[in-house]
Amino acid sequence: LIPRAKELRKDATRQENHLWYDFLRSYPIRFQRQKTIHSFIVDFYCHKAKLVIELDGSQHYQEQGLAYDRERDAVLSGLGLQVLRFSNRQIDREFSAVCAAIHTAVQTRLKEATTP
């Protein structure tokens, strides 16, 4: 999967590049792009917060894509990870709100990790 992840980083969508270069790359908590986890490649991953961020294009809203995403999210959740999903449209039209939601999720997950 690692060669495929490298390929996906190189051929990132416009929305993935926007989120990465305009927010996640300089976020104070480290995120990785196209990270292999289990048998999947996730769009973005924050190890410290155990948070996965997925950006969904139109294929994710068809029956087969929805079923695959449900299965994948269940496996990732079973590993103790939280999955946040945003549509490409949200990245295009509500970028500030997406960034705020990611920040809130990171802070919540970090707080949960330190609370006994």
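This report covers the strands and two of the helices in a predicted model.

**Strands β1 to β3**

Strand β2 spans residues 40-46. It pairs on two sides of the chain order. Strand β1, residues 32-37, is joined to β2 by 5 bridges. The two strands run antiparallel. One of the pairings sets arginine 33 opposite phenylalanine 44 of β2. Strand β3, residues 51-56, is joined to β2 by 3 bridges. This pair is antiparallel too. Here cysteine 46 has leucine 51 of β3 as its bridge partner.

How many residues of β2 are buried? The count is 7 of the 7, so the strand is largely enclosed by the rest of the structure.

Both connections are hairpins. Between β1 and β2 there are 2 residues. Histidine 38 sits in that turn, with a positive phi of about 60°. Between β2 and β3 there are 4 residues. The turn there includes lysine 50, and its phi is positive, about 50°.

**Positive phi values**

Most residues other than glycine have a negative phi. Several residues here have a positive one. Glutamine 34 is not a glycine, yet its phi is near 45°. Glutamine 34 lies within strand β1. Is glutamine 34 buried or exposed, and at what relative accessibility? Its relative accessibility is 6%, under the 20% limit, so glutamine 34 counts as buried.

Lysine 50 is likewise not a glycine. It belongs to the loop between β2 and β3. Its relative accessible area is 31%, which makes lysine 50 partly exposed. Glycine 80 follows helix α3 and has a positive phi near 85°.

| Residue | Phi | Place |
|---|---|---|
| Glutamine 34 | near 45° | strand β1 |
| Histidine 38 | about 60° | turn between β1 and β2 |
| Lysine 50 | about 50° | loop between β2 and β3 |
| Glycine 80 | near 85° | after α3 |

**Helix α3**

Helix α3 covers residues 63-78, 16 residues in total. From first C-alpha to last it reaches 23 Å. That is close to the 22 Å expected at 1.5 Å a residue. Which residues of α3 are buried? They are Gly65, Asp69, Arg72, Asp73 and Leu76. These cover an arc of only 105° around the axis, so they lie on the same side of α3. The list holds charged names as well: Asp69, Arg72 and Asp73 are among the buried residues.

The face turned away from that buried side carries exposed residues. They are Glu63, Gln64, Arg70, Glu71, Ala74 and Gly78. What covers the buried residues of α3? The cover includes β1, β2, β3 and β4, the last at residues 82-87.

**Helix α5**

Helix α5 runs over residues 95-114 and has 20 residues. At 1.5 Å a residue it should span 28 Å. Its end C-alpha atoms are 29 Å apart, which agrees. Its buried residues are Phe95, Val98, Cys99, Ile102, Ala105, Val106, Arg109 and Leu110. Seen down the axis, they fall within an arc of 125°, so they line one face of the helix. On the other side, Ser96 and Lys111 are exposed.

Which elements do the buried residues of α5 pack against? The partners are α2 (14-22), β3, β4 and α4 (88-93). Strands β3 and β4 also help to cover the buried residues of α3.

Terms used:
Residues numbered from 1 in each chain as written. Predicted model: local features only at pLDDT ≥ 70, side-chain atom pairs only at ≥ 80, totals over all residues. Heavy atoms only, no water. Buried < 20%, exposed > 50% of the residue type's maximum accessible area, 1.4 Å probe, protein only. Pairing = 2+ DSSP bridges. Expected span 1.5 Å × (residues − 1). Arc of directions from axis to C-beta. Contact = heavy atoms within 4.5 Å.
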